[in-house]
Amino acid sequence: MGGKQIIHDISFDVFAGEVFGFLGPNGAGKTTTIRMLVGLASADAGEIRIGGVSLQKRFPEAIAQVGCIVENPELYKFMTGRENLEHFTRMSGGISTERIEEIVRFVDLEGAIDDKVKTYSLGMRQRLGIAQALLHSPKLLILDEPTNGLDPAGIRELRQFIRRLAEEEGLAVFISSHLLSEIEMMCDRVAIINKGRVISVGLVKDLMEQFGDQVEWSVSAETTEAASRLLGSLPFVEEVVVSKEGHLRCKMDTERISEANQALVQKGVPVLGIAAKTVTLEDLFFALTAEGGGTKSGHA
């Protein structure tokens, strides 16, 4: 790496039966981490364990438990789906015809498995690639940007399929992606990485609840300062900020909106509008990865 440290003491676990999201801006270290997880890059400290087996000390045994697709799967388009799978089994060895049939049924390609791959949609190619990665019954499936290039229907289909992999097969699924809305709907837990450091790890729901509910208040320009002071003085209101549009945003329990509104009106501050804002993973992501943003560390 030219002497430059890219990854700094990151730590997380991925459990069987869960979909784990790995998020970070470009250059954050996501691809380097994946390269280390599959043995294409080496770490100068620490240990990677897959199914309890050290990747560094017992590489063949550890890597045999991993299936991996980086972006679009590499397939022979002039061959049929079945021929692609059979070609892979010849390279891997020890995979039965029955296993091929089982996987074809699971990825729902029975009606197209004997068609040439060049006739497949991108979503079908993704499912065939995942089938190939699952043939040897790995414990961990790594998908790097799996929804790249898919249309909304394809993304929804892949999301449902990945959830089935975790829930029905008990597989640990590790997904690197920049599509925050998809990660929010697809994943059980998430790690957020920035500048080579994992700055937060946890359940998607729990991470978003760190920010709490937010409420946006619209008041006239001449009362903005007074409204900000008054809201900030209320014991149940936190972090009052003024947006560039002149709106006030604060963190508070939405059930106490009427109480805060009454306090403003009683002090002669007319309220022009109130909007409850549900914090999303996108809000959390940008807050934590912004310049000078959060430095929360997390270990699963």
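Me: Before we get to the lining of the largest cavity, what counts as a cavity and as a lining residue here?
Reply: On a 1 Å grid over the protein atoms alone, a cavity is a set of points where a 1.4 Å probe fits but cannot get out. As for the lining, a residue belongs to it if it has an atom within 4 Å of a point.

Me: Good. Which residues line the largest cavity?
Reply: Keep in mind that this is a predicted model. It holds 1 cavity of 30 Å³ or more, with about 30 Å³ of space in the largest cavity. By class, its lining has 5 nonpolar, 2 polar and 1 charged residues. The names are Pro146, Thr147, Ile175, Ser177, Leu179, Glu182, Ile183 and Met186.

Me: And which element gives the most to that cavity's lining?
Reply: Glu182, Ile183 and Met186 are among the lining residues. The top contributor spans residues 180-186 and gives 3 residues, and that's helix 7.

Me: Moving on to the largest pocket, which element gives the most to its lining?
Reply: The largest pocket has a volume of about 960 Å³ and 35 lining residues, with Ile10, Met36, Leu37, Glu47 and Ile48 nearest its centre. Helix 1 (30-37), strand 2 (49-50) and strand 6 (172-176) each supply at least two lining residues. With 4 residues, the one that gives the most is helix 1.

Me: How many charged residues are in the lining of the second largest pocket?
Reply: That pocket has about 360 Å³ of space and 19 lining residues, including Cys68, Glu74 and Phe88. Strand 4 (66-70), helix 3 (81-92) and helix 5 (122-134) each give two or more of them. The split is 10 nonpolar and 8 polar, and the charged count is 1.

Me: Now the salt bridges. Is Arg163 buried or exposed?
Reply: Arg163 meets Asp188 in a salt bridge at 3.2 Å, N to O. Arg163 is in helix 6 and Asp188 in the loop between helix 7 and strand 7, 25 residues apart. Buried means under 20% relative accessible area, so Arg163, at 17%, counts as buried.

Me: What is the relative accessible area of Glu168?
Reply: Glu168 forms a salt bridge with Arg164, their closest N and O atoms being 3.7 Å apart. Both lie in helix 6, 4 residues apart, about one turn of the helix. Arg164 is partly exposed at 29%, whereas Glu168 is exposed, at 54%.

Me: How many residues apart in sequence are the parts that Arg249 and Glu216 tie together?
Reply: Their side chains meet in a salt bridge at 3.3 Å, N to O. Arg249 lies in strand 11 and Glu216 in strand 9, so the parts they tie together are apart by 33 residues.

How values were computed:
Residues numbered from 1 in each chain as written. Predicted model: local features only at pLDDT ≥ 70, side-chain atom pairs only at ≥ 80, totals over all residues. Heavy atoms only, no water. 1 Å grid on protein atoms, 1.4 Å probe; cavity = no way out; pocket = protein on both sides within 12 Å on 5 of 7 lines; lining within 4 Å. Points joined across faces, edges and corners; volume = space filled by probe spheres on them. Nonpolar A, V, L, I, M, F, W, Y, C, P; charged D, E, K, R; others polar. Salt bridge = Lys/Arg side-chain N within 4 Å of Asp/Glu carboxyl O. Buried < 20%, exposed > 50% of the residue type's maximum accessible area, 1.4 Å probe, protein only.
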